[in-house]
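Biologist: I would like to learn how to read the helices of a model, one feature at a time. Could we go through an example together?

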Amino acid sequence: PTDGAVVTDVLSRPKHALSSVQRLATAYRQLNSSVGAFGTDTLIASTNALKSGSSSGDSTYARVEDALAYLADKRDALATKIKGVLADAAAGHGTSRGRVRTLTDKADKLIRAAHRLAASS
């Protein structure tokens, strides 16, 4: 089984299919790695939510945890799609530029959402 990683960075002449998904692979790593931007920002948001509680209420904690669950569900669904495209590219099968761009944009959007949550929690 693969985790969706494509090693185009170390190949001197990657297949065209691999070259066309390099930006998507980078976005995938930032989205799916525990030390990527998404993972770091969700950890910050969760930590801040834990610190926000008081004896009078935990509404901030509940709001942030709900947002984190939503982002995790979106990330999981998107990561599955991206892994399929990356696996196809690794096997030499091309994917339309539009699909690659759409998936990359969606990954970037989720990463930005996690960053905004971290900043606001």
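Biologist: Which residue follows H4, and what is the sign of its phi?

Modeller: This is a predicted model, in which local features need pLDDT of at least 70 and side-chain atom pairs count only at pLDDT 80 or more, while totals for chains, interfaces and linings use all residues. Residues are numbered from 1 along each chain as its sequence is written, and side-chain values use heavy atoms, with hydrogens and water left out. Helices (H or I, at least four residues) are DSSP runs numbered from the N terminus. H4 is followed by Gly92, whose phi is positive, near 90°.

Biologist: Which residues of H4 are buried?

Modeller: Buried means under 20% relative accessible area, with a 1.4 Å probe and protein chains only. In H4 the buried residues include Val64, Leu68, Leu71, Arg75 and Leu78.

Biologist: At roughly what angle do the axes of H3 and H5 cross?

Modeller: Axes are lines fitted to C-alpha atoms, for helices over the stretch in contact, and angles run from 0 to 180 degrees between N-to-C directions. The axes of H3 (residues 37-52) and H5 cross at roughly 25° and come within 8 Å, which means that H3 is roughly parallel to H5 (under 35 degrees). Among the residues that make the contact (heavy atoms within 4.5 Å) are Phe38 and Ile44 of H3, together with Leu110 and Ala114 of H5.

Biologist: How do the axes of H2 and H5 cross?

Modeller: For H2 (residues 22-32) and H5 (residues 97-120), the axes come within 9 Å and cross at roughly 25°, so H2 is roughly parallel to H5.

Notes
Helices (H or I, at least four residues) and strands (E, at least two) are DSSP runs, numbered from the N terminus. Angles under 35 degrees count as roughly parallel, over 145 as roughly antiparallel, 65 to 115 as roughly perpendicular and the rest as oblique. Buried means under 20% relative accessible area, exposed over 50%, partly exposed in between (1.4 Å probe, protein chains only).
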